[in-house]
Amino acid sequence: MSDNVSANVLFHFTSSIDHLESILRDGFFPHYCPEYTLGPEDRRAASKGQPPASAIPMVCFCDLPLALIRKHHKLYGPYGIGLTKGWGLQHRVAPVIYTHLNAQTHRPVLQLAADEEAPPELRLLAAYVKPFRGRVWRNGRCRRRSVRFYDEREWRYVPAVDPRQIFLAWNAYNIITSPSGGGLSSGSRAKAHCLFLPGLFHT
């Protein structure tokens, strides 16, 4: 038995068998995910059960051994796919950076997320930072219990989109995710940001 606390596989879970079939057929397409930060606006929103201030385009994975994923797939869905960590490294998937209110990383990251004039690389870096613990917005509501995100050992892929679109305001997120909206996950724009699976041929 390995002594490693991490897995050699990155797992992605979903609540929909249709979504899993889509991944197997077409690969991973980044979707905008509403996510609470540690900023005062998001902390107030979470305490009132209101949506986060912004959403980030991403594909998420966890770096957990199979023996530890039960709680994870209860939250994110029972259908999963695993890919080698080598595949993730090759496709620029990276572990997130966890922070908390007393951490030195906390304020600089919030400033980067709010500054649309910041260099694109720094805005992208801010999109890879996540609270150590916090509330989750999922399926149109804020879950009551906080989650210790650090236990998820998350890796994510954030596409290098226009820096102004990395932290998409809630109102704009509602527009692109509406039936008539044109989100990142649709059309030819998504192809450039897709994570293709090994062994699949895409034109």
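Here is a walk through the cysteines, one threonine and the main nonpolar core of this structure.

The model is predicted, so local features need pLDDT of at least 70 and side-chain atom pairs count only at pLDDT 80 or more, while totals for chains, interfaces and linings use all residues. Residues are numbered from 1 along each chain as its sequence is written, and side-chain values use heavy atoms, with hydrogens and water left out.

Let's start with the cysteines. Searching the whole structure turns up zero disulfides, a disulfide being a pair of cysteine sulfur atoms within 2.5 Å. For Cys33, the nearest cysteine sulfur belongs to Cys60 and sits 5.3 Å away. Cys33 is partly exposed at 26% relative accessible area, whereas Cys142 is buried at 10% (buried is under 20%, exposed over 50%, partly exposed in between, with a 1.4 Å probe and protein chains only).

Now for Thr14, in strand β1, residues 9-14 (strands are DSSP E runs of at least two residues, helices H or I runs of at least four, numbered from the N terminus). Thr14 is buried, at just 5%. Its side chain makes a polar contact with the side chain of His19 at 2.9 Å (N or O atoms within 3.5 Å, one able to donate a hydrogen and the other to accept it; residues adjacent in sequence count only if both atoms are side-chain atoms). A polar atom of the Thr14 side chain also lies 3.3 Å from the backbone nitrogen of Ser16.

Last stop: the largest nonpolar core has 14 residues, and Ala126 and Phe167 are among those touching the most other members (such a core is a set of buried Ala, Val, Leu, Ile, Met, Phe, Trp, Tyr and Cys residues joined through side-chain atoms within 4.5 Å). Helix α5 gives this core its largest share, three residues.
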